[in-house]
Amino acid sequence: MPELPEVETIVRGVAPLLLGRRIEWIELRQPRVVVGEVNRAAGHRVIGVRRWGKHILLDLRRGRSTAHLVVHLGMTGQLRWDGDPGRHTHALLGIEGGITLLYNDIRQFGRLEWAERLPARLERLGPEPLEISEEEFVRRFRSRRSMVKPLLLNQSFLRGLGNIYVDEALFRARIHPRAQSHRLRPRRAAALHRAIVRVLTEAIEHGGSSVSDYVASDGRRGSFQLRHNVYRRTGCPCPACGAAIRRILVASRGTHFCPRCQRV
DNA sequence: ATCTATTCCTGGCTGC
DNA sequence: TGCAGCCAGGAATAGA
């Protein structure tokens, strides 16, 4: 599933193809994934390609008016410029110069949204995990009273983390997913911040994790799944201590951790 | 404020 | 081989 590192990889892949180019035409095939008048993007020039948490923002300009195309890939969304459209291609964007950008999404949890201004929903999301300072993270983290895992998944606390990288970061920081945020010592909260930064940075360097349908915009798979320590490794030995990795439900999410290394 | 359950959806898997 | 049933889960939503 596309989380911060996967979306970052896609953004880096499509940015050079889109920046400065005009969207010449748009074909929308599945109304379910379309929000607002996405068709209006045709004729606009792409002046920015950004990641916002797990969202992709295409900043558009036409004359003096600006707008955005907001892409969220949900669970199985893809943004690709290679390959051919198929039964899961829900939108096609014809880009000046001949490239066609495909929006594919098997489960249709993703959305393609037209926005005149950045939606308030996005403004309300928490800070970027790779931008927030350690001090600020520790302060925010310890001021909340919540289980650690649901808090990290909460996009209004931090934007961009999902199930994979929360499990992996908690393993690296040796924190139990059911630990209470306000009961963690500042040193441990700081260690969690460093674990988050490191796991996200490494994952970006490896092109993200291809666990279900994720591929980059050129169709290439990421390789960070080969470096997962706990995610979907139930029963496998913990790389640190050898104990069997366990899977439990936390906030009705599949959660993987080492019962020996990760204490409450 | 924080929690859980439900909804959307398809493909992959299990078991008969 | 076929098929029903279940599961995965991001995020919005409802309700506790």
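1. Domain 1 and domain 2 are joined by five residue pairs in polar contact, both residues at pLDDT 80 or more. A polar contact is a pair of N or O atoms within 3.5 Å; within protein, one must be able to donate a hydrogen and the other to accept it, and residues adjacent in sequence count only if both atoms are side-chain atoms. On the domain 1 side, α1 (4–18) and β6 (77–80) are the elements that give two or more residues to the surface touching domain 2. The largest share, nine residues, comes from α1. Helices (H or I, at least four residues) and strands (E, at least two) are DSSP runs, numbered from the N terminus.

2. This is a predicted model, in which local features need pLDDT of at least 70, side-chain atom pairs count only at pLDDT 80 or more, and totals for chains, interfaces and linings use all residues. Residues are numbered from 1 along each chain as its sequence is written, chains are lettered from A and ligands numbered from 1 in the order in which they are written, and side-chain values use heavy atoms, with hydrogens and water left out.

3. Chain A is assigned domain 1 (4–123) and domain 2 (134–257), with bounds from an automatic or database domain assignment. Their C-alpha centres lie 28 Å apart. Contact (heavy atoms within 4.5 Å) involves 21 residues of domain 1 and 20 residues of domain 2.

4. The two domains bury about 1700 Å² between them, 61% of it on carbon and sulfur atoms. Buried area is the accessible area (1.4 Å probe) that two parts lose on being put together, summed over both. How many salt bridges are there between domain 1 and domain 2? The count is zero, a salt bridge being a side-chain nitrogen of Lys or Arg within 4 Å of a carboxyl oxygen of Asp or Glu.

5. DNA strand C is surrounded by 14 residues, the closest being K54, H72, M75, R107 and R247; a residue is near a strand if one of its heavy atoms lies within 4 Å of it. Of the strand C atoms within 4 Å of the protein, 63% belong to sugar or phosphate and the rest to bases. Phosphate oxygens of strand C lie 2.7 Å from a side-chain N or O atom of H72, 3.4 Å from a polar side-chain atom of R253 and 3.3 Å from a polar backbone atom of G254.

6. The residues around DNA strand B include R32, H88, F109, S146 and A251. Sugar and phosphate account for 74% of the strand B atoms that come within 4 Å of the protein. A phosphate oxygen of strand B is 2.8 Å from a side-chain N or O atom of R87, and a phosphate oxygen is 2.6 Å from a polar backbone atom of R145. A backbone N or O atom of R107 lies 3.3 Å from a sugar or linking oxygen of strand B.
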